[in-house]
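Let's take a friendly walk through a two-part question: what do we call things here, and on what grounds?

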Amino acid sequence: MAAATAPPLVGLLADRLVIAFEPSVVSGVAASRSLAGWRLRSVARAPLPAGALVPSPLDRNLAGTEEVRAAVAHVVKELGAERGRAAVLLPDGIGRTVLLDTTPGVAAREYARFRLASTLPYPDGEAVIDVLPAGEGRVLAAAVRRPIVQEYEAVIAACGLVQDRLDLAPLAVLAGRLRRAGDGPEVDVILGEAALSLAAFRRGVLRVFRSRRRDPGPEEATRVAEEADRSALLAGDGAAPVLRLMGAGAGGLALDLAQRGRDAEVVAPPVAPVPAEAAELSWLAAALA
Amino acid sequence: MTRPPDFSTRPRRTPASPGDLLLFAAALAALALSAHVAWSAWTAARTARVEAAIARREAQGAGEASRGLLAGDASTSGLAVRALLTAESPPPRVLAALEPLLPPDVRLARVSMRYGARIDLEIQVAARRGVAYDEFVRRIGGSRSFAEVVPETEARDGEVRATIRAIYVGVAGS
């Protein structure tokens, strides 16, 4: 268990607390608003025993509820944020996503429910569905099974936190990236511990979003490069896209790609210096946006 | 502004529409206005209470002062009584007491009031018919606002012109 604390900054308006779940660790950051914007105040992490949290879109995620609760409590204590109001990020690999073109005058969330309903392996009444506007009339819609969300919410409540927004980590990352996308073909690879998401941009607009289970090993770099090229092709551009890696294991994956002759950029959190505990928090930029 | 996704299972709050915001602003304005009106009314009521208390004290003081003056020497008591009578029975009130006693054919030609230890009246009336004049005399004689009614000069040449003396005793009604 570790905590990194930056020099405290005086919060002028409010504090922000984010708690994120991954299979091996619970992470949290506290940020304060200053005249210069949101500033990272402290970072804390608490490891989880193997099998305590297993991301799944269908089945129960928290096999070790007590261990997960203890980890969250530790993070909250390290951050000095007891009884705070926390935004919660759930791990990649528990939601089903689809990029949709919306029709003017039609409620995007209702349309997403209509489109997702036939693809879900459970009744759509059990689905919590929301959308992320992606520009040019498109939305990235995602569905998460309600009992799974409730598992995480129960842990947050048990730790005395007031739950604020609850989001999926890859969507939170993407929300921050949508504002920074460049003009050329780019593929963002958002790495969670259990799954990864590929977001292909062309001319600054999100064209493709796909999720894949991770299979760490010597061949993962090759598979990721192939999936990124396929995403760029689906986005309508066959040229080799710029690969941007962020999240769990981004540094190692970039090294593996380089050894295979493929350049990749690792997107670092927008803080300087980057605390070691925050180096691979893909969602940190979004938390401080 | 784009709303970030929220997959919480708690009930969602519907975002306020511009119409909702407009209604909310109108409600706030109405609340502020009613608060202002209530505050003004409360302030006015408080001022009125204070003024009433002051007037009550002044009246009480004036009563005590007049009683003191009445109990004093004769040279000052006349003045005091006159002041008291003028304050309590001003000429408009005396005239107002006379008005309902006048039959349709009788009008007041002149009324002289002399404020002293009492209010002496000299009432000159003109009546088209003698019967009407007699009715006026009967009415003022029976009125509880007037006493010591004495008809004096009287000229009957077609219409009646007459002078009546009386004192005003200030009893309400007639």
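The questions and answers below deal with this predicted model.

Q: Why are H1(A) and H3(A) called oblique to each other?
A: The axes of helix H1 (residues 65-79) of chain A and helix H3 (residues 146-158) of chain A cross at roughly 50°. Angles under 35 degrees would count as roughly parallel, and 65 to 115 as roughly perpendicular. The crossing falls in neither range, and therefore the two helices are oblique.

Q: What is the hand of the crossing where H1(A) passes H3(A)?
A: The crossing is right-handed, and a clockwise turn of the near helix from the far one, by less than a right angle, is what earns that word.

Q: Which residues make the contact between H1(A) and H3(A)?
A: From H1(A) come Thr65(A), Val68(A), Arg69(A) and Val72(A), while H3(A) supplies Val155(A), Ile156(A) and Ala158(A). Residues count as being in contact if their C-beta atoms lie within 7 Å. By class, five residues in this contact are nonpolar, one is polar and one is charged.

Q: How many residues of chain B are in contact with chain A?
A: Seven residues of chain B do this, and they meet 18 residues of chain A. On the chain B side, three are nonpolar, three polar and one charged.

Q: What share of chain B counts as buried?
A: Of its 174 residues, 14% do; the label requires 20 or more other C-beta atoms within 10 Å of a residue's own.

Q: In what order do the elements of chain B run?
A: From the N terminus on, they go α-α-α-β-β-α-β-β, giving four helices and four strands.

Definitions and conventions
Residues numbered from 1 in each chain as written. Chains lettered and ligands numbered in written order. Predicted model: local features only at pLDDT ≥ 70, side-chain atom pairs only at ≥ 80, totals over all residues. Buried ≥ 20, exposed ≤ 12 C-beta atoms within 10 Å, placed from the backbone. Contact = placed C-beta atoms within 7 Å. Nonpolar A, V, L, I, M, F, W, Y, C, P; charged D, E, K, R; others polar. Axes fitted to C-alpha atoms, helices over the stretch in contact; angles between N-to-C directions. Parallel < 35°, antiparallel > 145°, perpendicular 65-115°, else oblique.
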